[in-house]
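Q: Hi, I have a model to go through with you. Can we take it step by step?
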Amino acid sequence: MGKPSDLVQGTLDLLILRTLRPEAMHGWAIAKRIQQISDEVLQVQQGSLYPALHRIEQQGWIKAKWQESETGRQAKFYALTAAGRKQLEAETANWNRLSAAINLVVREAS
Amino acid sequence: MRLWDRWKMAFRALFARGVADARLDDELGFHLEQQIAENIAAGMSAEEARYAALRSFGNPALLREQSRSTWSWGGIEAFIHDARFVSLSIGRRPGFAFTVVGTLALGIGAAAAMFTVVDHVLLRPVPYLDADRLVTIQETDGSTRNWEAPWIDIDQWRVQSRSFSQIEFSGKMSGRNFLEGPDAALEVSGQRVSPGLFGMLGVAPALGSGFVSEFGKNAGAIMLSDTVWKEVFAGDRRILGKAVKINNDSYTVAGVMPPGFRYPAGISLVPQVWVPIELSSDERTRDTDKAMQFTAIARLRPGLNVEQARAEMLLVQKRLAAQYANDVLRHDHASLHVEIYAETLVGKDVRNALLALLAASGVLWLIASLNATNLFLARNTSQQRESAMRMALGASRWRLMQQTLVEGLILSGLAVLLGVGLAMASVRFLAHELSQTLPVPAPATLDEWVLLALAGLTVLTTLVATAGPALLAACTLVAPAIKQGGMQTGSSRRQNRMRGALVAGEIALSLTLIATCGLLLRTIYTLHHVPLGFRTDHIVVAHLSIPSYRFKGRNMTDSLYMPLLDRVQHLHGVESAGLMSEAPLAKTFVLHLELAMNGKTTHAYLKAVTPDLQKIFGFHMAAGRFFLPQDTAISQPVIVVNMAYARQHSPDPHNPLAILGYKLLSLIKGGPQMTIIGVIDDERQDKVAEPAVPEVELALPQITPESGFYQPVETVAMDLALRTDQPMAAIVPELRTVLKQASPELQNATITTMDQIVEDSYGSQRLAAHLLEIFGASALVLCMAGLYGLLAYVVSQRTRELGVRIALGASRGNLLWMVIRQAGVMLLAGLVIGAGLSFASGKLVARFLYGVSVHDGWTMVAAPALLVATGLLAAYLPARRAANTDPMEALRAE
């Protein structure tokens, strides 16, 4: 069970941006979605999630809005911005390149 | 995100932080709720679900902090938070804050005061435009003697030289000048200036248009200084175009210069007025009897420096000198001195003195900062547990450091405010002494440079005083600090050693200051005991500037001087009174005599005196007699010389007194030569530290208007001396009444005592000694406080241990010795380092010493002894407390 705090900070940003691409969500939903899609491998703790969310918000890649959630309570929903989409593409490309390179090395070594 | 949204966020983060906080809480709360709901759905009971959720959530406070740290303005928020906390803690423990602020204020005040003076005197002594591009040009024979130049030379410089964009010149109006005012005449310093001079200086008149920049267009005009305008004419704006009288000559006011403007700059408190130079055809000659001589001041062309200008001008001058009439003159005018004007105002020894004092104030500042560091260290140690708790709760090390730094910054800021107040007060307090030595009046206000320096000083002080302790606080190990019980084992040995080292450092620096102060005090002491050659007690001296224009056509000896002397002698309480051109060491008025005797040209001082001076000053005649009342205008003309003169000019080189009876000079051209009737034993004339210069004295009653000496001797200045047992407060008003009777201008004469004149003549040494006394005393106090603080702390830390020792059988003496020994180690270390530093600094001040060697034994023993005594005094109370520890109390206390 790897904790995303082991990952580089930028990777968590990438996960968040990707998760928000289809629709706007609140923090809890983002964590759950990541957990779900990664087959329970990646479990994002609140201690990493919220600082990351607020940092990304400061940088202008996501925008926040308070809305009524599915439970009826007010929650803060985050949505991707245009700049965020661009950033997502860039980071995805980066990640693909990086992971391909790592794969090469790992396959070589073994 | 669009710029607008960004600004909105930043705005909200700054001003609506409370709202943002609440929102963050809501967000986290929502997350928690969802987690709880999930846990319940997974099958846990409500309570279990809640606990599990909280556990997985982690530290909510930390979470909140981390999220908030991503918001902008985090730095300012932390600063404000710290500042509030600091003010709370100051309120709770004012003693600590007072001590720190007081300590730092001493150091900062000293440094600020010295820097203000240095900035005013050395960095910006003259209020002209681009003053560092202005140079003076003086003709010289290549040695240190120099002269003013005639117009014809200056004109040649203007034509031939390429180094200057403008050359202007000025000279002094002859004699003493008096401006007639409504009540009485005010003495002013009258300056003749070329019409373009003020323009070159870059200063425009505050009132009026000033002089027209061409020769010949300013007939009868005059410019007043702001002081004259305010004092005599009460700042009347209708002064323009009105007529004013200087020495009975009428001038029309063309303008008033701004306040604070002086030209020439230099030591003088007499207010100035300026008249334009009008050149007549008489001026176009090199004959010094016919043409006025001027001081030239020029502005360097952009891109040139002084050396280049000097090199070029030397070539020009070579060609020019050839035009002089004879060989002597050609030699005398062969070379030039070209120097930056501002640098000529401050003598080299004054500059060095100021810089040395600045360094000394820096040392004091360092001592104060070290003291503050010690205080912070002590305080932080007692707060160790609190710091450990904060770190356990999640504070970062940097955050802990921040708090100490902010506290240091605030306290330093307060100390700067207090220190500046101290500095201004002390500058005012020492204004008289400063004005004796410095060419510009002592500053009373701050300016940008000084404020900048102060800001820098604040930051620097903070860093020095708090960086160390802050780092230490941040590096405390959490577990041991929380585990330990109470304050008893508060600080580690390492910390105590560090504090001890700081105290030793303070002691070393203080020793340097005190030793240097001691050397200077010894110098003053030696100067005090140089035999002056005359008495100085109970002598009142009045410096008279003579309004000779009132006595035109009359014999001032008979109409002014003798009647004045007579009246003064009849004042109540006056034993004897006399007149002389200049009181010894007074530096008010010096006459130079050039003599051609035995084929050589020599120089001597010339003075006119009255006979009673011997009764007043009690000087000793080496041979012959002094003047007597019988030496009048109709008796044989006589002259008195001093030993220095006799040694130089005696016909018999082995017996200076053989000069007695020789003839020298004549009072009136073509008249009988004067006979040397007496030789005075040498006196100090200019400076106590310098040996006597050849001097020649004439009897004032013998000088008549026909004499060539009449004009220089009688029409400019005279000192009146009287021996009295009355106190100053009683004699001065009566004296002023008598002076006023003689001539109204004389009532404002400066009246002082001979003792004061001697004191003032010590100049920069006395100033330096006084300042170092203050610095040294402050350093001593700081050291004592530092040592006491550390020892008291250590003793209070070890109360338990001391109790155990006593219980185990140690005697009180043992405990006393323990503390004293600790103090002794620090003192010894400090003294050893300090001795090395003092040797080094002694070399720096060697030039100020007189009659005292750098390794003066007396000082080398007294200074350390003083420190040791102070140290032991500081250690006494803690030692006594240690010795009187009640073992039962100590062991019980916890």
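A: Sure. One term up front: a residue is buried if 20 or more other C-beta atoms lie within 10 Å of its own, exposed if 12 or fewer, and partly exposed in between, with C-beta atoms placed from the backbone. This is a predicted model, where local features need pLDDT of at least 70 and side-chain atom pairs count only at pLDDT 80 or more, while totals for chains, interfaces and linings use all residues. Residues are numbered from 1 along each chain as its sequence is written, and chains are lettered from A and ligands numbered from 1 in the order in which they are written.

Q: OK, how much of chain A is buried?
A: Of the 110 residues in chain A, 29% are buried.

Q: Which elements does chain A have?
A: Four helices and three strands. Both are DSSP runs, numbered from the N terminus: helices are H or I with at least four residues, strands E with at least two. The order from the N terminus is α-β-α-α-β-β-α.

Q: And how are the strands ordered in the sheet?
A: The open sheet of chain A runs β1-β3-β2, with antiparallel pairing. Strands pair if DSSP finds at least two bridges between them.

Q: Why is one side of β1 and β2 of chain A left without a neighbour?
A: β1 (25–26) and β2 (62–68) of chain A are at the edges with a single partner strand each, so one side of each has no neighbour in the sheet.

Q: What stands opposite M25(A)?
A: Y78(A), in β3(A). β1(A) and β3(A) pair over two bridges.

Q: New topic. How many residues of chain B are in contact with chain A?
A: 16 residues of chain B, against 18 of chain A. Contact means C-beta atoms, placed from the backbone, within 7 Å.

Q: Which element of chain B gives the largest share?
A: α2(B), with six residues.

Technical notes
Contact = placed C-beta atoms within 7 Å.
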